[in-house]
Amino acid sequence: MSSVADHLDTIHAKIAAACERSGRIAAEVELLAVSKTFPAAVIQEAVDAGQTLFGENRVQEVLGKIPQLPAHLRWHLIGPLQSNKVRKILPHVEAIHSVGTIEIAADIQRIATELDLRPLVYLEINLAEESTKHGFGLKDLPTQIGKLLSMDRLKIQGLMCIPPFDPDPEASRRYFTQLRELRDHLQTTAGCLLPGLSMGMSHDYAVAIEEGATIVRVGSAIFGGR
Ligand SMILES: *Cc1c(COP(=O)(O)O)cnc(C)c1O
């Protein structure tokens, strides 16, 4: 068994254990294998082990890899997207996890209309209001959600966050809780369904699952250090 296959096995077991602890079923949690910086040959090892869902954070990089890998794979963009790349990427990805401004949402809406696409979208929230991170401010979103929901081409799945890095996974818990509570609040006040919570990375995905993650974005724990 390749080490990538080994790592995937371990992660699936940890996902199952975190679901068990929190009274959830493992089928509610998707594993997004974050393959950024790794070449197609390494990604193929994960494909051979049964993984079909992959995340990348750069448009050029994912567009270069897609043609080298089987056509049945599903790709998600998890890094910030610039307006001038929307047209290029949209036909090739199932979801964008990093929609953090009204402007980029409007660009996606406009181009998805032209191309007749209905991308899945996660709204990225900058929970700690870090100047180095992208995303909607915690206070902005409630006033902007109406406008976002009116963009009929966007299948808004839910919310996404990247907590400030702390090697202790427990340090992420309050951010994950906060994202879930914000989601609950928006569902009530805006009367919409936001089932998805994209949260949790290699070091803290188990905590994220305990707090309600529906998709965890795991890179180095599968593919190794970058
Ligand atoms: C790189 C990246 C990940 C995965 O990080 P790991 O710590 O390697 O699991 C998850 N989410 C985003 C947005 C990333 O850029």
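Which elements each supply at least two residues of the lining of the second largest pocket? In this predicted model, the answer is α1 (3-21) and β1 (30-34). Let us start there and then move on to the ligand site and the enclosed space.

**The second largest pocket**

This pocket holds about 170 Å³ of space. Its lining consists of His12, Ile15, Ala26, Ala27, Val29, Glu30, Leu31, Gly50, Gln51, Thr52, Leu53 and Arg74. Sorted by class, that lining has 6 nonpolar, 4 polar and 2 charged residues.

**The largest pocket and its ligand**

The largest pocket offers about 330 Å³, and the ligand sits in it. A total of 21 residues line the largest pocket, and those that lie nearest its centre are Lys36, Ile78, Ile162, Met201 and Arg217. The class split of this lining is 7 nonpolar, 9 polar and 5 charged residues.

Around the ligand itself you will find Val34, Lys36, Asn57, Ile78, Ile162, Met201, Ser202, Arg217, Val218, Gly219, Ser220 and Arg226. This shell divides into 5 nonpolar, 4 polar and 3 charged residues.

Several of these neighbours have polar atoms facing oxygen atoms of the ligand. An N or O atom in the side chain of Lys36 is 2.7 Å from a ligand oxygen. Gly219 takes part through its backbone, with an N or O atom 2.8 Å from an oxygen atom of the ligand. For Arg226, a polar side-chain atom lies 2.8 Å from a ligand oxygen. Taken alone, the ligand exposes 390 Å², and the protein buries 90% of that area.

**The enclosed space**

How many cavities of 30 Å³ or more does a search of the whole structure find? The search finds 1. The largest cavity has a volume of about 50 Å³. Its lining is made up of Glu124, Ile125, Asn126, Leu127, Ala128, Glu130, Lys133, His134, Ile162, Pro163 and Pro164. By class, 6 of these lining residues are nonpolar, 2 are polar and 3 are charged. Ile162 is worth a second look: this residue lines the cavity and also belongs to the shell around the ligand.

**Linings and shell by class**

Here are the class counts together, for easy reference.

| Site | Nonpolar | Polar | Charged |
|---|---|---|---|
| Lining of the largest pocket | 7 residues | 9 residues | 5 residues |
| Lining of the second largest pocket | 6 residues | 4 residues | 2 residues |
| Lining of the largest cavity | 6 residues | 2 residues | 3 residues |
| Shell around the ligand | 5 residues | 4 residues | 3 residues |

How values were computed: Residues numbered from 1 in each chain as written. Predicted model: local features only at pLDDT ≥ 70, side-chain atom pairs only at ≥ 80, totals over all residues. Heavy atoms only, no water. 1 Å grid on protein atoms, 1.4 Å probe; cavity = no way out; pocket = protein on both sides within 12 Å on 5 of 7 lines; lining within 4 Å. Points joined across faces, edges and corners; volume = space filled by probe spheres on them. Nonpolar A, V, L, I, M, F, W, Y, C, P; charged D, E, K, R; others polar. Helix = DSSP H or I, 4+ residues; strand = E, 2+ residues; numbered from the N terminus. Near = heavy atom within 4 Å. Polar contact = N/O pair within 3.5 Å; in protein donor to acceptor, adjacent residues only side chain to side chain. Areas by Shrake-Rupley, 256 points an atom, 1.4 Å probe, with all protein chains shown as cover. Sits in = over half its atoms within 2 Å of the grid points.
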